[in-house]
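Visitor: I have a model open and would like to learn how to read it, one feature at a time. Could you walk me through it?

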Amino acid sequence: MWNKLIRYFNQNRKKVFRICIIIVSFFLVLQFLNQMVKQEKQQEYENRIMANQMGQNLVNQVGNPVENKIEEQAKVNEISQTTTTNILNEESAIKQFISYCNEGKVTEAYSMLSENCREELFQTEEQFRKNYYESKFQTKKVSNLLSWINSSYGRTYRVRLYENLLESGDNSDVAIEDYITVDKINDQYVLNINAYMGRTQLDKSSSAYGITITVRNKNVYNEYEQYNLMIQNETDQVICLDPKENTSSTYLVGGEDKKVTYTSYIHELTEENLVLQPGEVKTFNIKFNKSFNGRDTTSAIYFSNAVLDYEGYLASQDKANYNKKVLLYVNF
């Protein structure tokens with residue numbers, strides 16, 4: 001029998017090889033398909049794990065949407081029984097403000113802003129409605145508060161506003177962020193919103209070369225400080241505080257050792273702001289690139305490239321070396 005098999009193999013060698021190749025190929029394909037099925041199941045499992053982790057991260061950030069809804073409604077009910085005058089702490093003041101906004105009570109929310117905040121950012125309720133309320137509270141929001149910095153302006157919180165998942169159906173974890181500072185004035189908590197920290201009254205003046213500079217106040221924001229200046233030209237020539245030859249000639253001085261400089265946003269000012277006719281008085285605001293860190297260490301403003309004869313400067317062929325440039329500064 002063994003001889004018959006050998007004879008058959010020798011006579012049908014090509015056919016046998018084809019059959020073997022087909023069988024081996026079949027098992028290889030079967031193994032490949034099995035491997036693909038295993039990989040798909042593994043990927044499906046990993047996707048479920050990732051989805052669960054993302055869901056948990058969202059819950060950690062904004063809370064469970066069902067629990068948030070119940071908790072938020074309880075807080076609304078609790079807060080609605082109080083008034084602005086007897087809010088217990090800074091956080092409840094912010095939550096009261098957010099509750100008013102969620103309920104569309106724009107007048108009540110606007111009434112919680114400090115006088116400085118209203119004067120600086122929202123001089124009317126309608127401005128507050130258009131520039132803050134309508135941009136942030138088109139839908140009801142769930143809030144997350146983090147105490148950030150305590151300063152002379154009050155306690156500042158980083159506030160993140162998320163969509164209420166139950167009401168909007170939006171599962172995005174993208175937040176609207178604001179910095180809200182809470183101060184207590186006459187036993188009432190008032191708010192500075194929109195990353196506005198507060199105002200410091202300065203009223204410091206300096207005179208030189210017939211020019212008087214008065215720093216009236218500064219308004220502090222999270223990313224910059226803005227100073228209100230009054231300039232009086234008591235000379236008989238046209239002057240220019242800064243011809244804007246470079247971006248570093250007007251700067252703010254600060255730091256513990258008074259050696260730190262902060263550049264100005266001088267490019268935002270026009271010639272109309274910076275040029276004064278003889279006897280003219282002007283007021284304007286100028287911003288400096290100083291972010292808020294809770295410490296008030298600024299001490300002076302410098303105009304290091306002021307021009308005493310602006311008409312002569314304009315006629316000069318060598319403006320960089322024009323000889324009627326002076327340093328003006330005011331300490332505060």
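Visitor: Let me start with T214. Is T214 buried or exposed?

Guide: Keep in mind that this is a predicted model. A residue counts as buried when its relative accessible area is under 20%. T214 has a relative accessible area of 11%, so T214 is buried. You will find T214 in strand β6, which covers residues 211-221.

Visitor: Which residues is T214 in contact with, leaving aside its neighbours within four places in sequence?

Guide: The list is K204, S205, N228, L229 and M230. With S205 there is also a polar contact between the side chains, at 2.7 Å. Another pair to look at is T214 and I231: they are 17 residues apart in sequence, and their C-alpha atoms are 6.4 Å apart in space.

Visitor: Let me turn to charged residues. What should I check around D178?

Guide: For a charged side chain, look at burial and then at the partners. D178 sits in strand β3, residues 176-185. D178 is buried yet has no salt bridge.

Visitor: How far away is the nearest side chain of opposite charge?

Guide: That side chain belongs to K136, 5.4 Å away. A salt bridge needs the nitrogen and the carboxyl oxygen within 4 Å, so K136 does not form one with D178.

Visitor: Then which polar partners does D178 have?

Guide: The side chain of Y132 makes a polar contact of 2.7 Å with the side chain of D178. In addition, a polar atom of the D178 side chain lies 3.0 Å from the backbone nitrogen of N194. Beyond four places in sequence, D178 touches Y132, Y157, R158, V159, I193, N194 and A195.

Visitor: K287 is charged too. Where is K287 placed?

Guide: K287 belongs to strand β12, residues 281-288. Its relative accessible area is 17%, so K287 is buried. The side chains of K287 and E268 make a polar contact at 3.5 Å. Not counting residues up to four places away in sequence, K287 touches Y224, E225, Q226, S264, Y265 and E268.

Visitor: How many salt bridges does a search of the whole structure find?

Guide: The search finds 14. When you read one, ask how far apart the partners are in sequence and how exposed each of them is. Take E91 and K95, whose closest N and O atoms are 3.9 Å apart. Both are in helix α4 (residues 90-102), and because they are 4 residues apart there, about one helical turn separates them. E91 is partly exposed at 34% relative accessible area, and K95 is partly exposed at 26%.

Visitor: Which salt bridge could I look at for distant parts of the chain?

Guide: Try E119 and R199, whose side chains meet in a salt bridge of 3.4 Å, N to O. This pair links distant parts of the chain, with E119 in helix α6 (residues 115-120) and R199 in strand β5 (residues 196-208), 80 residues apart. E119 is partly exposed at 49%, whereas R199 counts as buried at 18% relative accessibility.

Guide: Another case is K325 with E245, a salt bridge of 2.9 Å, N to O. K325 is in strand β14 (residues 325-331) and E245 is in the loop between β8 (239-240) and β9 (250-254), so the pair ties together parts 80 residues apart in sequence. K325 is buried, at 18%, and E245 is partly exposed, at 34%. Salt bridges can also share partners: K218, E225, K290 and D296 are joined into one network in this way.

Visitor: What about the cysteines, and how many disulfides are there?

Guide: The count comes to 0 disulfides. As for burial, C101 has a relative accessible area of 2% and is buried. C240 is buried as well, with 3%.

Visitor: Finally, how should I read the chain as a whole?

Guide: Begin with the elements: the protein chain has 10 helices and 14 strands. Then turn to burial: 39% of its 332 residues count as buried. The accessible surface is about 19600 Å², and 49% of this area belongs to carbon and sulfur atoms. For contacts, consider those with a separation of 6 or more: residues 24 or more positions apart account for 59% of them.

Key
Residues numbered from 1 in each chain as written. Predicted model: local features only at pLDDT ≥ 70, side-chain atom pairs only at ≥ 80, totals over all residues. Heavy atoms only, no water. Helix = DSSP H or I, 4+ residues; strand = E, 2+ residues; numbered from the N terminus. Buried < 20%, exposed > 50% of the residue type's maximum accessible area, 1.4 Å probe, protein only. Lys, Arg positive; Asp, Glu negative; His and termini not counted. Polar contact = N/O pair within 3.5 Å; in protein donor to acceptor, adjacent residues only side chain to side chain. Contact = heavy atoms within 4.5 Å. Disulfide = S-S within 2.5 Å. Areas by Shrake-Rupley, 256 points an atom, 1.4 Å probe, with all protein chains shown as cover.
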